[in-house]
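This report describes the fold, the nonpolar interior and selected residue contacts of one protein chain. The sequence and the model are shown first, and the description follows.

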Amino acid sequence: MLFIRMLRRVGQSPACGCWTPVLPVRFLGISPRQIPADANFHSASFSATDHPRVLITGGLGQLGVGLANLLRKRFGKDNVILSDIRKPPDHVFHSGPFIYSDILDYKNLREIVVNNRITWLFHYSALLSAIGEANVSLARAVNITGLHNILDVAAEHNLRLFVPSTIGAFGPTSPRNPTPDLCIQRPRTIYGVSKVHAELMGEYYHYRYGLDFRCLRYPGIISADSQPGGGTTDYAVQIFHDAAKHGKFECNLEARTRLPMMYIDDCLRATLEVMEAPAESLSMRTYNVSAMSFTPEELAQEVLKHVPEFQITYNVDAVRQAIADSWPMKFDDSNARKDWGWKHDFDLPELVTTMLNFHGSETRVAQAN
């Protein structure tokens with residue numbers, strides 16, 4: 001975003017050659033760059049009858065629609081606004097409030113927050129790992145510049161802010177099995193770098209401006225009702241589409257590539273639980289969360305129990321494999337379980353059964369049984 005530095009003369013005499021900068025128009029209101037160092041804000045607590053007003057950015061991605069459905073059941077349909085820069089499908093448009101929102105347009109974000117009295121913000125706009133590597137400049141704009149706009153708006157209007165992070169926030173020098181909450185992070189992708197940046201900026205805004213920032217590092221997320229979105233772990237979604245339709249699948253990762261995973265229902269529930277957790281229960285601002293850890297080979301073996309004719313082949317994508325080899329094999333999420341009671345529901349057998357049932361393979365499941 002372009003900023004124009006404005007100058008004004010100091011003193012009464014026009015002959016004085018002294019100039020001093022004044023703030024750009026964007027920062028004429030209260031913003032993090034104007035908040036006193038000793039300022040301290042706290043998000044409001046909500047009673048059963050005073051629900052939060054929620055905005056979800058990047059809402060048409062893998063997680064946004066599902067999160068909106070969950071939050072609408074909890075807080076009421078009209079209290080949760082889904083947003084994106086794309087036109088929503090009919091079923092999404094008619095399921096609850098939807099608006100256009102461009103995170104690179106600070107004025108647009110500010111108007112949405114003010115006009116809709118937003119109190120909670122879930123920031124899901126991002127370019128994922130493999131897509132980001134193919135378009136680094138766009139990933140930098142969306143994942144970093146967009147985040148800065150979100151942080152400024154959230155701090156200015158005293159929002160409770162959730163920003164998801166990822167297994168991609170770690171790198172080849174991080175401990176991989178297991179990976180703790182706090183350790184060295186040197187990711188090798190623009191997606192990972194931007195997520196480490198988000199974690200640190202969110203924590204900085206929390207300590208500097210009192211922003212109620214909360215963040216979960218998601219593992220690979222597997223959902224039945226969305227298409228793969230360009231992530232390295234998306235093979236674990238595509239395999240179910242192909243198993244149900246064709247009985248075979250070509251995997252772009254090596255058979256023994258182990259990565260942490262989670263079913264979407266667990267992911268969305270964890271997100272709501274950490275947002276509802278009392279602030280005093282949080283010992284940190286960014287937590288690992290996980291449910292299971294498996295390889296393509298192990299996933300295929302579980303699919304075979306339901307689809308006996310299923311076949312898997314391997315055509316390794318060097319870029320995605322290199323990314324996966326730099327990521328954790330297993331998450332240590334003990335702090336999340338201790339601090340705010342995180343507990344997953346879906347292990348690998350439940351995951352596979354649920355996914356195959358959703359994709360219309362009930363007949364094959366019955367035959368296998």
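## Thr271 and its surroundings

A polar contact of 2.6 Å joins the side chain of Thr271 to the side chain of Tyr218. These values come from a predicted model. Thr271 is located in helix H8. With a relative accessible area of 0%, Thr271 is buried. When residues up to four places away in sequence are left out, Thr271 touches Leu67, Phe122, Tyr124, Phe162, Leu216 and Tyr218.

Several of these neighbours recur in an aromatic cluster. Phe75, Trp120, Phe122, Tyr124, Phe162 and Tyr218 together form one such cluster.

## Overall architecture

The protein has 369 residues, of which 51% count as buried. Its secondary structure consists of 13 helices and 15 strands. Among contacts with a separation of 6 or more, 76% are between residues 24 or more positions apart. The accessible surface amounts to about 17200 Å², and carbon and sulfur atoms account for 53% of that area.

## Nonpolar cores

In soluble globular proteins, nonpolar side chains tend to be buried together. The largest nonpolar core of this model contains 69 residues, and the members that touch the most others are Ile56, Phe122, Phe294 and Trp340. Helix H8, residues 264-276, supplies the largest share of this core, with 7 residues. Another core, of 28 residues, lies apart from it and includes Ile103, Leu109, Ala139 and Leu161.

Phe294 has contacts with Ile222, Tyr235, Ala236, Thr257, Arg258, Leu259, Met261, Leu299, Leu348 and Leu351, again without counting residues up to four places away in sequence.

## Strand S12 and its partners

All of strand S12 is buried, 5 of 5 residues, so the strand is largely enclosed by the rest of the structure. Leu259, Met261 and Tyr263 point one way from S12, while Pro260 and Met262 point the other way; each of these residues is buried.

S12 pairs with strand S10 (residues 220-222) in parallel through 3 bridges. In this pairing, Ile221 stands opposite Met262 of S12. S12 is also joined by 3 bridges to strand S14 (residues 292-294), and these two strands run antiparallel. Here Leu259 stands opposite Phe294 of S14. Phe294 also counts Leu259 and Met261 among the residues it touches.

## Aromatic pairs

The structure holds 12 aromatic pairs. Two of them are set out below.

| Pair | Distance between ring centres | Angle between planes | Class |
|---|---|---|---|
| Tyr263 and Phe346 | 4.5 Å | 45° | tilted |
| Trp340 and Trp342 | 6.4 Å | 40° | tilted |

The pair of Tyr263 and Phe346 links distant parts of the chain, since its two residues are 83 residues apart. Tyr263 belongs to strand S12 (residues 259-263), and Phe346 lies in the loop between helix H11 (334-340) and helix H12 (348-358). Both Tyr263 and Phe346 are buried.

Trp340 and Trp342 are likewise both buried. Trp340 is also one of the residues that touch the most other members of the largest nonpolar core.

## Helix H7

Helix H7 covers residues 235-245, and 9 of its 11 residues are buried, so this helix is largely enclosed by the rest of the structure. The buried residues are Tyr235, Ala236, Val237, Ile239, Phe240, His241, Asp242, Ala243 and Ala244. Tyr235 and Ala236 are also among the residues that Phe294 touches. After H7 comes Gly247, which has a positive phi, near 75°.

## Pro178

Is Pro178 buried or partly exposed? Its relative accessible area is 41%, a value between the 20% limit for buried residues and the 50% limit for exposed ones, so Pro178 is partly exposed. This residue lies in the loop between strand S8 (165-166) and helix H6 (190-209). Pro178 and Pro328 are 150 residues apart along the chain, yet 7.1 Å separates their C-alpha atoms. With residues up to four places away in sequence left out, Pro178 touches Lys330, Phe331 and Asp332.

Technical notes:
Residues numbered from 1 in each chain as written. Predicted model: local features only at pLDDT ≥ 70, side-chain atom pairs only at ≥ 80, totals over all residues. Heavy atoms only, no water. Phe/Tyr/Trp six-rings, centres within 6.5 Å; stacked < 30°, edge-to-face > 60°. Helix = DSSP H or I, 4+ residues; strand = E, 2+ residues; numbered from the N terminus. Buried < 20%, exposed > 50% of the residue type's maximum accessible area, 1.4 Å probe, protein only. Contact = heavy atoms within 4.5 Å. Areas by Shrake-Rupley, 256 points an atom, 1.4 Å probe, with all protein chains shown as cover. Core = buried A, V, L, I, M, F, W, Y, C linked by side-chain atoms within 4.5 Å. Polar contact = N/O pair within 3.5 Å; in protein donor to acceptor, adjacent residues only side chain to side chain. Pairing = 2+ DSSP bridges.
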